[in-house]
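Me: I am in my first year and would like a close look at a single part of this structure. Please take one stretch and explain how it sits in the rest of the chain.

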Amino acid sequence: GGTIGGPIIQNKLFFFAGEQGTKERSRPSDNRAYSPTPEMLAGDFTAITSPACNSGRQIALRAPFVNNRVDPSLFSKAALNIAGKLPGAEDKCGQATFGNINHRNDGQTVGKVDYQASANHSVFGRYLLTWYDVAVPYDLNKNLLSTATRGYSNISHALTLGSTYLLGPNMVNSLRLAGGLTKVHRLGASIFSAPDIGVNAYSYLPHFISLAVTGGLAVGCGTCTDSTFNNYNVQVSDDLSVVRGAQQFAFGGVLSRAYSNGKTNVRAPGTYTFNGQQTGLGLADFLTGKLGSLSQSGPGLL
């Protein structure tokens, strides 16, 4: 970034401007999830339930599994649809290592103009722009496991106008008018909704879903949905300062108005949770379509 400033009209009109920005780019690979292996998709869960994959503990799956095996024809078509979009497992336990690519841009721009109208009167105007953008990782790597991380596109505007008037050698009046606008746009990965993959359910938000498999994986999330939050404010203030001998008196007042609106979709697409309470393993519940819980509501208007 940098700054610049100086006189426009000597001893009369002055300006100042500045800008700073930050760009961050990184490609970490430090996240871990567990997705179905080819053996699991064939109905064989003996590896993932073995002590080697469970910190020395053997898991015995409940019905419809027999000896930790199941007929693949019993699998949920919707679950298989999602499994086909997941990255391949790296070992027999189903581990998949991935990274959420980080593309972040943020910065500030400020501009100020000062005008000396007369020996007793000066005015100024100041504008501040702030922005903060974070890309949705899925849009960069197309890895379904990255859909549980959100992005942002935020911007803020602030404008202040001021007037300072010397009413006499011992009296000063300051008038300020300020206004601001902040827009927060929370972004998520647009992939598919429950009806798109064959689930007989309604989604208030097309192409979004929130799905969590305990001890396994997450696709989307409640706060990874498209949501907006807008705030507006305007304020007028006036202050009068009077000096009388060794005493100073101050009088003033402030009138302000603030307004906000927004739309949040935390539960609008539905949050589907598979926690292993049916078969004893989250991924087993997921593939057999044994839902642990569903939480859903309409969009929230603020």
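Reply: What follows looks at the loop between helix 1 and helix 2, starting from Ser76 and moving out to the rest of the chain.

The model is predicted, and every value below was computed from it. The protein chain has four helices and 15 strands. Its radius of gyration is 30 Å, well over the 19 Å that the globule rule gives for 302 residues, so the chain is more spread out than a compact globule. The box filled by its C-alpha atoms, taken along the principal axes, is roughly 95 × 35 × 35 Å. Of the 302 residues, 34% count as buried. The chain exposes about 16200 Å², and carbon and sulfur atoms supply 54% of that area.

Now to the loop itself. Helix 1 covers residues 38-41 and helix 2 covers residues 77-83, and Ser76 has its place in the loop between them. Is Ser76 buried or exposed? Its relative accessible area is 19%, and the limit for buried is under 20%, so Ser76 counts as buried. A polar atom of the Ser76 side chain lies 3.2 Å from the backbone nitrogen of Ala79. Which residues does Ser76 touch, once its neighbours within four places in sequence are left aside? They are Phe286, Leu287, Thr288 and Gly289.

One of these, Phe286, leads to the largest nonpolar core. That core has 37 residues, and Phe286 is listed with Phe45, Leu217 and Val219 as having the most contacts inside it. Helix 2, strand 4 (95-98), strand 9 (210-213), strand 13 (271-274) and helix 4 (282-287) each supply at least two residues of the core. Helix 4 gives the most, with four residues. Leu217 shows how such a residue is surrounded: not counting residues up to four places away in sequence, Leu217 touches Ala33, Tyr34, Ser35, Pro36, Leu86, Leu145, Leu211, Ala212 and Leu283. Over the protein chain, 67% of the contacts between residues at least 6 apart in sequence join residues at least 24 apart.

Phe45, also listed for that core, brings us back to the loop. A search of the whole structure finds six aromatic pairs. In one of them, the rings of Phe45 and Phe75 have their centres 6.5 Å apart and their planes at 70 degrees; an angle over 60 degrees counts as edge-to-face, so this pair is edge-to-face. Both residues are in the loop between helix 1 and helix 2, yet they are 30 residues apart, and the pair links distant parts of the chain. Are these two rings buried or exposed? Phe45 has a relative accessible area of 0% and is therefore buried. Phe75, at 7% relative accessibility, counts as buried too. Phe45 and Phe75 also form one aromatic cluster with Phe65.

An aromatic pair elsewhere in the chain gives a point of reference. Tyr202 and Tyr204 are edge-to-face as well, at 5.1 Å centre to centre with 85 degrees between the planes. Tyr202 is exposed, with a relative accessible area of 56%, and Tyr204 is partly exposed at 41%.

Two backbone details remain in the loop between helix 1 and helix 2. Most residues other than glycine have a negative phi, and most peptide bonds are trans. The peptide bond from Ala63 to Pro64 is cis, with omega near 15 degrees, and Pro64 lies in this loop. Asn67 has a positive phi of about 55 degrees although it is not a glycine. Its place is in this loop too, and with a relative accessible area of 65% Asn67 is exposed. Asn11 is a further residue with a positive phi, about 60 degrees, that is not a glycine. Asn11 is found in the loop between strand 1 (2-9) and strand 2 (13-26) and is exposed, at 60% relative accessible area.

To put the part together: Ser76 is buried and touches residues that include Phe286. Phe45 and Phe75 form a buried pair within the loop. Asn67, in that loop, is exposed.

Key: Residues are numbered from 1 along each chain as its sequence is written. This is a predicted model: local features need pLDDT of at least 70, side-chain atom pairs count only at pLDDT 80 or more; totals for chains, interfaces and linings use all residues. Side-chain values use heavy atoms; hydrogens and water are left out. Buried means under 20% relative accessible area, exposed over 50%, partly exposed in between (1.4 Å probe, protein chains only). A polar contact is a pair of N or O atoms within 3.5 Å; within protein, one must be able to donate a hydrogen and the other to accept it, and residues adjacent in sequence count only if both atoms are side-chain atoms. Contact means heavy atoms within 4.5 Å. A nonpolar core is a set of buried Ala, Val, Leu, Ile, Met, Phe, Trp, Tyr and Cys residues joined through side-chain atoms within 4.5 Å. The radius of gyration is taken over C-alpha atoms; the globule rule is 2.2 Å times the number of residues to the power 0.38. Accessible areas come from the Shrake-Rupley method with a 1.4 Å probe; for residues, only the protein chains shown count as cover. Rings of Phe, Tyr and Trp (its six-membered ring) pair if their centres lie within 6.5 Å; planes under 30 degrees apart count as stacked, over 60 as edge-to-face and the rest as tilted.
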